[in-house]
Amino acid sequence: MVEPSCAELIAEAAAAPVDGWGFGWLDGRATEERPPWGYARQVAARMATVTTALDIDTGGGEVLAELPQPPPLLVATEAWPPNVAVARRTLRRVGGRVVQIAPASRLPFRAAAFDLVTSRHPVDTGWAEIARVLRPGGRFLSQQIGAGTMRELSEAVLGPLPPPATRHTAQAVAAARAAGLHVVRLERATLRAVFHDVGAVVWFLRKVVWTVPDFDVDRYRPQLERLHATIRAEGAFVAHSRRFLIEAVKPADGPV
């Protein structure tokens, strides 16, 4: 069997859809370790105990879609228009409603509206807004992207980079406290990601846009060809993603 060429792999990945926040297209082409805490399981357990919940930056609604016991009122927000339609279709099965918002905008909900707020891999965490919409005693649970995630892949395309200035856990804890929330849980993990062909790299970079913010296949074709050669010679390209889980509570003794 003739293996596809670098150009064929790149063209295939460049044409593949990247809507939603599922990664099924990478099956058999790339793998990434999962964090040990089981975020979806944690969310499901908390959703089963509340009556009102909000999921911020829901993507295609993939985490909420599998809830075995959704709360009576379940709302999600999403800013990227292609994901909004996907999330609305996905969340019908659990009675969820999706609200399209502008990036970094104020949440369009009244104060103290939700028992629980969740967010997986938010672009930015609006701590003050989260504190505002949580009821006293309510919780925020989030799996976040840590500082320096996929740095090996970023540098393979962009060259050497300065130390990361954002997404440090200490920054998240400080911002939560500044908003008046009490951080009750913080866990970190470094996870191995393995790419088995350059098409997987291209598709990932198109979907996870912050890895190489100005990614364009034609602009970075020489770097992609080098990655293709590395994968063919070594069998895979290995990078590491960094994640942290943060849980915070709004004090029950008054508004933030």
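Two strands are said to pair if DSSP finds at least two bridges between them. With that in hand, welcome to a predicted model, shown here in a series of close-ups.

**View 1. Strand β8 and its two antiparallel partners.**
Strand β6, residues 134-145, pairs with β8 in the antiparallel sense, and 7 bridges hold this pairing. To find your place along β6, look for S142, whose bridge partner in β8 is I246. L141 is another handy marker, standing opposite E247 in β8. β7 is also joined to β8, this time through 13 bridges, and these two strands run antiparallel as well. Here V183 is a good place to start, since its bridge partner in β8 is A248. β8 itself is mostly covered, with 10 of its 13 residues buried.

**View 2. An arginine inside strand β8.**
Stay with β8 and pick out R243, which lies in this strand. Is R243 buried or exposed? With a relative accessible area of 11%, R243 falls under the 20% cut-off and so counts as buried. Its side chain has polar company: one polar contact, of 3.2 Å, reaches the side chain of H121. Another, of 3.3 Å, links the side chains of R243 and T149.

**View 3. From β5 to β6 by way of a helix.**
β5 and β6 run parallel and are joined by 6 bridges. R120 stands opposite Q143 in β6, which gives you a pair of residues to look for. To get from β5 to β6 the chain passes through α5, and this β-α-β crossover is right-handed.

**View 4. A threonine in strand β5.**
T118 is found in β5, which spans residues 114-120. How much of T118 is accessible? Its relative accessible area is 1%, which is under 20%, so T118 is buried. Setting aside neighbours within four places in sequence, T118 is in contact with Y39, V43, M47, L54, D55, I56, F140 and L141. For a sense of distance, try P160: this residue and T118 are 42 residues apart along the chain, and their C-alpha atoms are separated by 34 Å.

**View 5. A second parallel pair, β3 and β4.**
Strand β3 (residues 73-78) and strand β4 (residues 97-100) run parallel, with 4 bridges between them. Within this pair, V75 stands opposite R97 in β4. Between β3 and β4 the chain goes through helix α4, residues 81-91, in a β-α-β crossover that is right-handed.

**View 6. The largest nonpolar core.**
In soluble globular proteins, nonpolar side chains tend to be buried together. The largest nonpolar core of this model has 31 residues, and L153, F195 and L224 are those with the most contacts inside it. Which elements each supply at least two residues of this core? They are α1 (6-15), α6 (151-158), β7 (182-195), α8 (198-207), α9 (221-234) and β8 (237-249). The largest share, 7 residues, comes from α8. F195 makes a good landmark: beyond its neighbours within four places in sequence, F195 is in contact with R29, A30, M150, L153, A200, V201, F204, I231, A236 and F237. Another core lies apart from this one and has 24 residues, among them F109, W127, A131 and V173.

**View 7. Helix α1 and its buried side.**
C6, L9, I10 and A13 are the buried residues to look for in α1. They cover an arc of only 95° around the axis, so they sit on the same side of α1. Which helices do the buried residues of α1 pack against? They pack against α8 and α9.

**View 8. Helix α7, covered on one side and exposed on the other.**
T169, A172, V173 and A176 are buried in helix α7, which spans residues 169-178. Why are they on the same side of α7? Their arc around the axis is only 95°, which puts them there together. The cover over the buried residues of α7 includes α5 (127-133), β7 and β8. Look to the other side of α7 and you will find A170 and A178, which are exposed. Just after α7 comes G180, which takes a positive phi of about 95°.

Note on methods. Residues are numbered from 1 along each chain as its sequence is written. This is a predicted model: local features need pLDDT of at least 70, side-chain atom pairs count only at pLDDT 80 or more; totals for chains, interfaces and linings use all residues. Side-chain values use heavy atoms; hydrogens and water are left out. A nonpolar core is a set of buried Ala, Val, Leu, Ile, Met, Phe, Trp, Tyr and Cys residues joined through side-chain atoms within 4.5 Å. Buried means under 20% relative accessible area, exposed over 50%, partly exposed in between (1.4 Å probe, protein chains only). Contact means heavy atoms within 4.5 Å. A polar contact is a pair of N or O atoms within 3.5 Å; within protein, one must be able to donate a hydrogen and the other to accept it, and residues adjacent in sequence count only if both atoms are side-chain atoms. The arc is that of the directions from the helix axis to the C-beta atoms. A crossover is right-handed if, with the strands pointing away from the viewer, the path from the first strand over the helix to the second runs clockwise.
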